[in-house]
Amino acid sequence: MAKILIVEDEKAINDLVKFNLELVGHECHQVFDGEKGLEEALGLKYDLIILDVMLPKYSGFEIMEYIKGTPVIFVTAKTDSQDKIKGLRLGADDYITKPFNTVELVERVKAVLRRTKAEKNDFTFDGIRIEFENRRVYKDGKEVMLKPREFDLLEVLVSNRNIALTREKLLRLVWEYDYEGDTRTVDVHIQRIRQKLGISDRIQTVYKTGYRFEI
Ligand code: CA
């Protein structure tokens, strides 16, 4: 079973995708425009994103520029092969063309999940290994104990690497609700991660904004 985000503005299609994926045991969350889609995608709560290309507010292609680490199958109504090439170049794992056969959809989802599960487990840099699946971090082979929120924050930063994230966004993504402006919480947690892992220069402070994991 996987947690799947469906970003599709045509309600009938969105419902059809949800219905078929839930039939085989997946848990689905539906959104109907690009803005909501991007917000949900950045939260890293999903194992897979089914992403329509033509969406209100942001297109699927625009959203894909920001998605790092979550597998994507995009859905295009166009028979235009340029769309498929563009999607794959942006890092999508697969695509399906509307109108699609629901059996094919389910099979493609299964294949992408199987393929990406193994790849998603580890991220290694500077002698540090992050195991996302079992939420452990090692430095030079020795485990470093991070608190749950510290791990969540590190995961968000690494998954959105080389992108500046505001303190407000980090609060929303990691703490999952809107803090009443107490962005100091983020600073404190960042300090702890830097100290525990010795990666001060990897987690850059972005002046007047927030933080960026640079690699
Ligand atoms: Ca659409």
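This is a short tour of the structure, stop by stop, with selections to make in your viewer.

Before you click anything: this is a predicted model, in which local features need pLDDT of at least 70 and side-chain atom pairs count only at pLDDT 80 or more, while totals for chains, interfaces and linings use all residues. Residues are numbered from 1 along each chain as its sequence is written, and side-chain values use heavy atoms, with hydrogens and water left out.

**Whole chain**

Start with everything in cartoon. You should find eight helices and 12 strands (DSSP runs numbered from the N terminus: H or I of at least four residues for helices, E of at least two for strands). The C-alpha trace spans about 50 × 35 × 30 Å along its principal axes. The radius of gyration is 18 Å, which agrees with the value near 17 Å for a compact globule of 215 residues (taken over C-alpha atoms; the rule is 2.2 Å times the number of residues to the power 0.38). Colour by accessibility and 47% of the 215 residues come up buried (under 20% relative accessible area; exposed is over 50%, partly exposed in between, with a 1.4 Å probe and protein chains only).

**The calcium ion**

Select the calcium ion and show Asp9, Asp52 and Met54. These are its protein donors, through OD, OD and O respectively, at 2.1 to 2.3 Å (donors are N, O and S atoms within 2.8 Å of the metal, or 3.2 Å for Na, K and Ca; water is not among the atoms, so sites may look incomplete). In sequence, the spacing reads D-x42-D-x1-M. Asp9 sits in the loop between β1 (3-7) and α1 (11-23) and Asp52 in strand β3 (residues 48-52), so this pair, 43 residues apart, links distant parts of the chain. Which of the two aspartates is buried, and which partly exposed? Asp52 is buried at 2% relative accessible area, whereas Asp9 is partly exposed at 32%.

**A cavity**

Keep Asp52 on screen and add Ile6, Val7, Glu8, Ile13, Val17, Ile50, Val75 and Phe100: together they line the largest cavity. β1, α1 and β3 each give two or more residues to this lining. The cavity has a volume of about 40 Å³ (on a 1 Å grid over the protein atoms alone, a cavity is a set of points where a 1.4 Å probe fits but cannot get out; a pocket is an open set with protein on both sides within 12 Å along at least five of seven lines; lining residues have an atom within 4 Å of a point). Volumes are the space filled by probe spheres set on the points, which are joined across faces, edges and corners.

**Between the domains**

Next, select Glu39, Glu40, Gly43, Arg172 and Leu173, the closest to the centre of the second largest pocket among its 13 lining residues. Its volume is about 290 Å³. Domain 1 (3-115) and domain 2 (122-213) both contribute to the lining, so the pocket lies between them (bounds come from an automatic or database domain assignment). The biggest share, five residues, comes from α2.

**Backbone oddities**

Finally, check some torsions. Lys98 to Pro99 is a cis peptide bond, with omega near -5 degrees; Pro99 is in the loop between β5 (94-97) and α5 (102-120). Lys57 has a positive phi near 75 degrees without being a glycine, and at 59% relative accessibility Lys57 is exposed. Asp126, also not a glycine, has a positive phi of about 45 degrees and lies in the loop between β6 (122-125) and β7 (128-131).
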